[in-house]
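Dear colleague,

I am passing on the structure that we spoke about, and below it you will find my notes on what turned up. Please read them with the coordinates open beside you.

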Amino acid sequence: MRQIGVEKYRKAAQTRVEVEGYAFTIQRPSCAAVAEITGRRVSLDWAIGFVVGWEGVLESDLLPGGDPEAVQFDAALFAAWVKDRPALWQPIIDGVIDAYRRYEEEAAARGKL
């Protein structure tokens, strides 16, 4: 019997959203997470929780006078920074929604949803 760890399971449910020269790693929302918001508008705060990585974000993007050096992803830093970047809001929200829709379509095609 094959054993699969939770990290491998989560990694398989990740996608990328590219916007404004940045790439964000989106963790697909679970069915339970989507059920919690059913009937409500998807908010930026909800979508932010599904961003688990980034590429292309430099210190100079985050701090005035910062170095043009890549910065390691930090969820709290991302949440604070993205709230000051309105051009990123809708692409990130759409990326989270699209990740779940693809999952739903694939699961339905396999008869598993």
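**Glutamate 20, the hairpin and the core**

With 46% relative accessibility, glutamate 20 counts as partly exposed, because that class lies between the cut-offs of under 20% for buried and over 50% for exposed. Please bear in mind throughout that this is a predicted model.

Glutamate 20 lies in the loop between S1 and S2, and its phi is positive, at about 50°, although the residue is not a glycine. As background, most residues other than glycine have a negative phi. The hairpin that S1 and S2 form has two residues between the strands, and the strands themselves, S1 covering residues 14-19 and S2 covering residues 22-27, pair in the antiparallel sense over six bridges. Within this pairing, glutamine 14 stands opposite glutamine 27 of S2.

Turning to the interior, the largest nonpolar core holds 28 residues, of which Phe24, Trp46, Phe78, Trp81, Leu88 and Ile92 touch the most other members. Both hairpin strands, S1 and S2, are among the elements that give two or more residues to this core, and the others are helices H2 (31-37), H3 (44-48), H5 (75-82) and H6 (86-109), together with strand S3 (51-55). The largest share, six residues, comes from H6.

Which residues does tryptophan 81 touch, not counting those up to four places away in sequence? Tryptophan 81 touches Tyr22, Phe24, Trp54, Val57, Asp61, Leu62 and Leu88, and two of these, Phe24 and Leu88, also appear with Trp81 in the group that touches the most other core members.

With best regards

Technical notes. Residues are numbered from 1 along each chain as its sequence is written. This is a predicted model: local features need pLDDT of at least 70, side-chain atom pairs count only at pLDDT 80 or more; totals for chains, interfaces and linings use all residues. Side-chain values use heavy atoms; hydrogens and water are left out. Two strands pair if DSSP finds at least two bridges between them. Helices (H or I, at least four residues) and strands (E, at least two) are DSSP runs, numbered from the N terminus. Buried means under 20% relative accessible area, exposed over 50%, partly exposed in between (1.4 Å probe, protein chains only). A nonpolar core is a set of buried Ala, Val, Leu, Ile, Met, Phe, Trp, Tyr and Cys residues joined through side-chain atoms within 4.5 Å. Contact means heavy atoms within 4.5 Å.
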